[in-house]
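Got the viewer open? Let's take a walk through this structure, one selection at a time.

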Amino acid sequence: MPFSPNQLKDEAIHEGKRERLVKELSGKGITDTAVLQAIGKVPRHFFFNTAFLQRAYEDIAFPIAAGQTISQPYTVAFQTQLLQIKKGEKVLEIGTGSGYQTAVLLEMGARVFTIERQKELFDKTKVILPKMGYAPKLFYGDGYIGQEAYAPFDKVLVTAGAPFIPEPLKLQLKVGGRLVIPVGEGALQEMILVEKVSASEFRQTNHGSFRFVPMLTEKNK
Ligand code: SAH
């Protein structure tokens, strides 16, 4: 993602576009005001390829690099709302990608630990997020194994389509914690919420179909 100094300006026009995006998302059923406020604050155009800059506030997923996408704002809002984020919570994100979702979680006051499998994206995002004043803990690694050293987490969020629910992510959740993960190997995935009821009991609910890039099992694929 080539960043010109120009691109890193957040101006009234962007604010206006964000306001419209927030209205659109609330019209589509997002009710968590903290989520909407965060989306109203994060300059999504900073995470964009210059080619698509003009379209940064459309409710659409866009290509970033390495064959990956920045999630659609509705999907970001929907997953974040399902997580029920509270200030100060520890959140593990799988699939840092552009860093946009990471920024939304940070705006909500979460402490974010985020893992990216692709070096190219990891290297870009570790530069852009601190430049914007965001300070997540970024890892280049494999989301299937989570981040044992920093567990347990209040919330876990997977932003790639997983073929199954990785056991370590359930284990690294606090009792009372929530894991949101799109599950499925076809074109569409089901948005699954896993609530950890006790150390060994989990309640699973399905929240509809979404489309994600696949969660990778091998590096750089
Ligand atoms: N949250 C991102 C969405 C990016 S798309 C955003 O807001 O932009 C999903 C991301 O998951 C991609 O960047 C992809 O490289 C990453 N990914 C895929 N498999 C992974 C794995 N096993 N571990 C960690 N990240 C993975």
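In which loop is Q84 found? Select Q84 and look at both sides: Q84 is in the loop between α3 (73–83) and β3. Keep in mind as you click around that this is a predicted model.

Stay on Q84 for a moment. Its relative accessible area is 41%, so Q84 counts as partly exposed. Now check the backbone: phi of Q84 is near 55°, which is positive, in a residue other than glycine. As background, most residues other than glycine have a negative phi, and most peptide bonds are trans.

Next, pick A66. This one is not a glycine either, and its phi is positive, at about 55°. You'll find A66 in the loop between β1 (62–63) and β2. A66 has a relative accessibility of 29%, so it counts as partly exposed.

For another backbone stop, select A151 and P152 together. The peptide bond running from A151 to P152 is cis, with omega near 0°. P152 belongs to the loop between β5 (137–140) and β6 (153–158).

Now for the ligand. Select it and turn on a pocket display if you have one: the ligand sits in the largest pocket. Which elements give two or more residues to the shell around it? Those are β2 (69–70), β3 (90–94), α4 (100–107) and β4 (111–116). Sorted by class, that shell has 11 nonpolar, 12 polar and four charged residues.

Want to zoom in? There are 27 residues around the ligand, and the ones that come nearest are G95, S98, E116, G143 and L216.

Show side chains and go through these contacts with the ligand:

- E116: an N or O atom of this side chain is 2.5 Å from an oxygen atom of the ligand.
- Q118: a polar atom of this side chain lies 3.5 Å from an oxygen atom of the ligand.
- T159: here the partner is a nitrogen atom of the ligand, 3.2 Å from an N or O atom of the side chain.

How much of the ligand's accessible area does the protein cover? On its own the ligand has 580 Å², and the protein covers 100% of that.

Last stop: S98, one of the residues that come nearest to the ligand. Look for S98 in the loop between β3 and α4. Is S98 buried or exposed? Its relative accessibility is 5%, and buried means under 20%, so S98 counts as buried. Finally, add Y100 to your selection: a polar atom of the S98 side chain lies 3.1 Å from the backbone nitrogen of Y100.

Key
Residues are numbered from 1 along each chain as its sequence is written. This is a predicted model: local features need pLDDT of at least 70, side-chain atom pairs count only at pLDDT 80 or more; totals for chains, interfaces and linings use all residues. Side-chain values use heavy atoms; hydrogens and water are left out. A residue is near a molecule or strand if one of its heavy atoms lies within 4 Å of it. A polar contact is a pair of N or O atoms within 3.5 Å; within protein, one must be able to donate a hydrogen and the other to accept it, and residues adjacent in sequence count only if both atoms are side-chain atoms. Accessible areas come from the Shrake-Rupley method with a 1.4 Å probe; for residues, only the protein chains shown count as cover. On a 1 Å grid over the protein atoms alone, a cavity is a set of points where a 1.4 Å probe fits but cannot get out, and a pocket is an open set with protein on both sides within 12 Å along at least five of seven lines; lining residues have an atom within 4 Å of a point. A molecule sits in a cavity or pocket if more than half of its atoms lie within 2 Å of its grid points. Helices (H or I, at least four residues) and strands (E, at least two) are DSSP runs, numbered from the N terminus. Ala, Val, Leu, Ile, Met, Phe, Trp, Tyr, Cys and Pro count as nonpolar, Asp, Glu, Lys and Arg as charged, and the others, Gly among them, as polar. Buried means under 20% relative accessible area, exposed over 50%, partly exposed in between (1.4 Å probe, protein chains only).
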